[in-house]
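Welcome to a short set of exercises on how helices pack together. Take a look at the model first, then try each task before you read its solution.

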Amino acid sequence: MRSLFEQVVECCGLAPTFARKIIQEACDRSGVSPPEAMTPADLIRSLPQIRQALGVFLEPSEVALKTAAMRALVKGSWPSMPAVVPPAQNQESRTHQEEPNAKSSS
């Protein structure tokens, strides 16, 4: 079975050698070392750095798709972690929480 790190590399949609280097550097910046021993918690911790690194090479919509695929890899392990919830659901929950405040101030 492929390691979580290798699965994340595949999610990038970039040349494997290039993607491996980008993900490894993002993991290093996140304090995840060695990345080959990545756990679901390590991936969640590394996602902000991975997003930033992919954003240099991909359009924002592509970055969102790639990181959603990465979150899906660990969703079964960490379903309650905010980073695992798709961005649209995060935005909806914020909108619903902010709506009462906006209505009460008018």
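**Exercise 1.** Which residue just after α1 takes a positive phi?

*Solution.* Keep in mind that this is a predicted model. Go to the end of α1, which covers residues 4-11. Just after this helix you meet G13, whose phi is about 75 degrees.

**Exercise 2.** Decide how α1 is oriented relative to α4, and find the residues through which they meet.

*Solution.* Step one: locate the partner, α4, at residues 60-74. Step two: compare the axes, which come within 9 Å and cross at roughly 155 degrees. Step three: angles over 145 degrees count as roughly antiparallel, so α1 is roughly antiparallel to α4. The crossing of these two helices is right-handed. Step four: list the contacts. From α1 come L4, Q7, V8 and C11, and they meet K66, A69, M70, L73 and V74 of α4. By type, the residues of this contact are seven nonpolar, one polar and one charged.

A handy thought for reading such lists: an α-helix has 3.6 residues a turn, so residues three or four places apart point the same way.

**Exercise 3.** Work out how many residues of α1 are buried, and what they pack against.

*Solution.* Start with the cut-off: a residue is buried when its relative accessible area is under 20%. In α1, L4, F5, Q7, V8, V9 and C11 are buried. That is six of the eight residues, so α1 is largely enclosed by the rest of the structure. The buried residues of α1 pack against α2, α3 and α4.

**Exercise 4.** Repeat the orientation analysis for α2 and α3.

*Solution.* The axes of α2 and α3 come within 8 Å and cross at roughly 130 degrees. That makes α2 oblique to α3. The crossing is right-handed. On the α2 side, I22, I23, A26, C27, R29 and S30 take part, meeting R45, S46, Q49, I50 and A53 in α3. The residues of this contact divide into six nonpolar, three polar and two charged.

**Exercise 5.** Which residues of the largest nonpolar core touch the most other members?

*Solution.* The core has 21 residues, and the ones to pick out are V8, I23, M38, L43, I50, L54 and M70. Next, ask where the core comes from: α1, α2, α3 and α4 each give two or more residues to it. Finally, follow M70 outward. Leaving aside neighbours within four places in sequence, M70 is in contact with V8, C11, C12, I23, L43, L47, I50 and L54.

Key
Residues are numbered from 1 along each chain as its sequence is written. This is a predicted model: local features need pLDDT of at least 70, side-chain atom pairs count only at pLDDT 80 or more; totals for chains, interfaces and linings use all residues. Side-chain values use heavy atoms; hydrogens and water are left out. Axes are lines fitted to C-alpha atoms, for helices over the stretch in contact, and angles run from 0 to 180 degrees between N-to-C directions. Helices (H or I, at least four residues) and strands (E, at least two) are DSSP runs, numbered from the N terminus. Angles under 35 degrees count as roughly parallel, over 145 as roughly antiparallel, 65 to 115 as roughly perpendicular and the rest as oblique. A crossing is left-handed if the near helix is turned anticlockwise from the far one by less than a right angle, and right-handed if clockwise. Contact means heavy atoms within 4.5 Å. Ala, Val, Leu, Ile, Met, Phe, Trp, Tyr, Cys and Pro count as nonpolar, Asp, Glu, Lys and Arg as charged, and the others, Gly among them, as polar. A nonpolar core is a set of buried Ala, Val, Leu, Ile, Met, Phe, Trp, Tyr and Cys residues joined through side-chain atoms within 4.5 Å. Buried means under 20% relative accessible area, exposed over 50%, partly exposed in between (1.4 Å probe, protein chains only).
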